[in-house]
Amino acid sequence: MRASRFPLFTSKQTPADAEIVSHQLMLRAGLIEKLGAGLYTWQPLGLRVLRRVERIVREEMDRLGGLEVLMPAVQPAELWQESGRWDIYGAELLRLTDRHERDFCIGPTHEEVITDYLRRELRSYRQLPLTYYQIQTKFRDEIRPRFGVMRAREFVMKDAYSFHLDQASLAQTYADMHQAYTRIFARLGLKARSVGADSGAIGGSVSEEFMVLADSGEDAIASCSACDYAANTELAQSRPNLANDAPLAALEERHTPGITTVAEQSALLDISPAQVVKTLVVMADEQPAVLFVCGDDELNEVKAAHALGVDHLRMAEANEAVAATGMPNGFIGPKGLPEGLTQYVDKRAAQLMNFSSGAGRADWHWINLNWERDMPLPAVADLRTAQAGEGCPHCDQGVIEIQRGIEVGHIFQLGSKYSQAMNARVLDEQGEQQALLMGCYGIGISRIVAAAIEQNHDDQGIQWPQPLAPFDVAIVSIGAERSEAVAQAAEQLYTALQTAGVEPLLDDREARPGVKFADMELIGIPHRIVVGERGLANGTVEYRARHAEHNEDLAIDSVVSQLIERMGSPSSSIAG
């Protein structure tokens, strides 16, 4: 491709609304153009990167025996009503009505559609197992789209679905998909790892996320310093120090006027925040419940929802908390709560002795409270977010470390969640009807592009891993407009690279050398060759790898072979 025929819409200015590096550089390099909140046009340069991601993902899905399909983006409401997700999926589901007053949604995912398709086609267990996949545009109506394509409303995703007669078959495909994802991210040149995860609105009993490690990541990952334990902090456990062998102290009520926070309480009473039990009133599927955690811990709402067995959890409003407990806000505590009110205590807080908490009346707190002596011990559950430095729950040697990550893939064992609800069955070996077991496997194609930039950039711009680069080599001609020798040498090199299966971008624009160099660094092409009169006089061209600090002189007669050696296998064409 010639730069004179391939507009490079680059910019020196960083857009004011671009908060993270990938968003800034994608706009500056001309990969994307904003249309509206969370909506982006993929420009030719960005689309080439996107297609390279798609190609690698498609190759690995085909290698597994996946069958590619393309399902409608617009889905009938009755399928979602049948699965039960129409009412529970939430505001991210963009609903619409056609001219006949029929309800539809724009698909954020396709479990219902693929289940409906297979229940029509499958008849016998002999047709199983099967895996279908698609690469398609999705839409989720994010309340606050941000970070460019990292959290856009419209995005490109690969979603795959497998169907099985038994759990062993599902587990095998799940393991095969895990290996395929590991290969995908390795082939893309990304540092990624899998972590245990919550299944969320998709459902299922087992799931793992694939995270690209980056400081800008929205997700926190807890991992062990000694073993291979790793999980999203929404799910991660830990082994905090729970030792507390002090003798029971006499219960006292202290006057604490205006003291409503843990920090104020611990300061006034001269105790550690860890010796305060924080009482939190939540609405679980709109029913009140009370949760207790240590004052220095953070409630993990995902864990809390699991403990309460609900799909939706929110913090109670002040009036809701007062109505549920009969106690004033800021002074709610575990002693004296109404009978029948659902209560759970975090396993760490359950082992506290002589702790402080609200006394149930304004401006008073208890000190030296103890479970069972002063009030019943509620049901115990893991309700807290694991913290760095705590012991690993899987081994005795390591401690928990917290890293940031960008979720780029998620795999699930769905079981019979959708097949039972939607009556997707086949005849088994005994001729009996049996519900299908399902797996679901997603990769954020467009998000991978942004995640790769977060891992690979410098002050000058993007540093694409070779497999993702929009072009393999940039050929920059200097003074070609006034030197026939330079123009001819650049053309010959351009043709030779194409013949060798390498994709070059020939920068034949009439622009200053500094402008050309800055653009090539910004858009991140991994290899750059400069053709100029001085080098040609010596039979050389100037070479620099995008990540290198210095130039090298390469003999022009051998530059193609040397480039191929440095690149590894040249990429095949993505232009189609």
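## Sheets and helix pairs in a predicted model

In this predicted model, V282 stands opposite M315 in strand β16. V282 belongs to strand β14, which covers residues 277–284 and is joined to β16 by 3 bridges. The two strands run antiparallel. They are part of an open sheet of 5 strands, and reading across it gives the order β16-β14-β15-β17-β20. The pairing in this sheet is mixed. At its edges lie β16 (313–315) and β20 (379–381), each of which pairs on one side only. From one neighbour to the next, the strands are turned by 35° on average, with direction ignored.

A helix accompanies this sheet. Helix α7, made of residues 301–308, packs on the sheet and touches β14, β15 (287–294), β16, β17 (342–346) and β20. The direction of α7 makes about 120° with that of β16.

Another open sheet of 5 strands is found further along the chain, in the order β28-β27-β29-β30-β31, and its pairing is mixed. Its edge strands are β28 (504–507) and β31 (552–555), and each of these pairs on one side only. The twist from one strand to the next averages 30°. Within this sheet, strand β27 (residues 473–477) is joined to β28 by 4 bridges, and the two strands run parallel. Here A474 stands opposite L505 in β28.

Helices α12 and α14 both meet this sheet. Helix α14 packs on the sheet by touching β27, β29, β30 and β31, and the direction of α14 makes about 125° with that of β31. Helix α12 (residues 513–523) lies across β27, β28, β29 (527–531) and β30 (540–545). The direction of α12 is at about 175° to β27.

Helix α14 also has a helical partner. Helix α11 (residues 484–499) and helix α14 (residues 559–567) pack with their axes 10 Å apart, at an angle of about 45°. The two helices are therefore oblique to each other, and their crossing is right-handed. On the α11 side the contact is made by L493, A496 and L497, while V559, V560 and L563 contribute from α14. What kinds of residue make up the contact of α11 with α14: nonpolar, polar or charged? The count is 6 nonpolar, no polar and no charged.

A further helix pair is formed by α2 (residues 44–63) and α5 (residues 167–187). The axes of α2 and α5 are 10 Å apart and the packing angle is about 150°, so the two helices are roughly antiparallel to each other. Helix α2 passes α5 in a right-handed crossing. The contact brings together I56, V57, E59, E60, M61 and R63 of α2 with M177, A180, Y181, R183, I184 and R187 of α5. These residues divide into 7 nonpolar, no polar and 5 charged.

Two of the residues in this contact are also joined by a salt bridge. E59 forms a salt bridge with R187, and the closest N and O atoms are 2.5 Å apart. The pair links distant parts of the chain, with E59 in helix α2 and R187 in helix α5, 128 residues apart. Across the whole structure, a search finds 37 salt bridges.

Technical notes:
Residues numbered from 1 in each chain as written. Predicted model: local features only at pLDDT ≥ 70, side-chain atom pairs only at ≥ 80, totals over all residues. Heavy atoms only, no water. Axes fitted to C-alpha atoms, helices over the stretch in contact; angles between N-to-C directions. Parallel < 35°, antiparallel > 145°, perpendicular 65-115°, else oblique. Left-handed = near helix turned anticlockwise from the far one by under 90°. Contact = heavy atoms within 4.5 Å. Nonpolar A, V, L, I, M, F, W, Y, C, P; charged D, E, K, R; others polar. Pairing = 2+ DSSP bridges. Salt bridge = Lys/Arg side-chain N within 4 Å of Asp/Glu carboxyl O.
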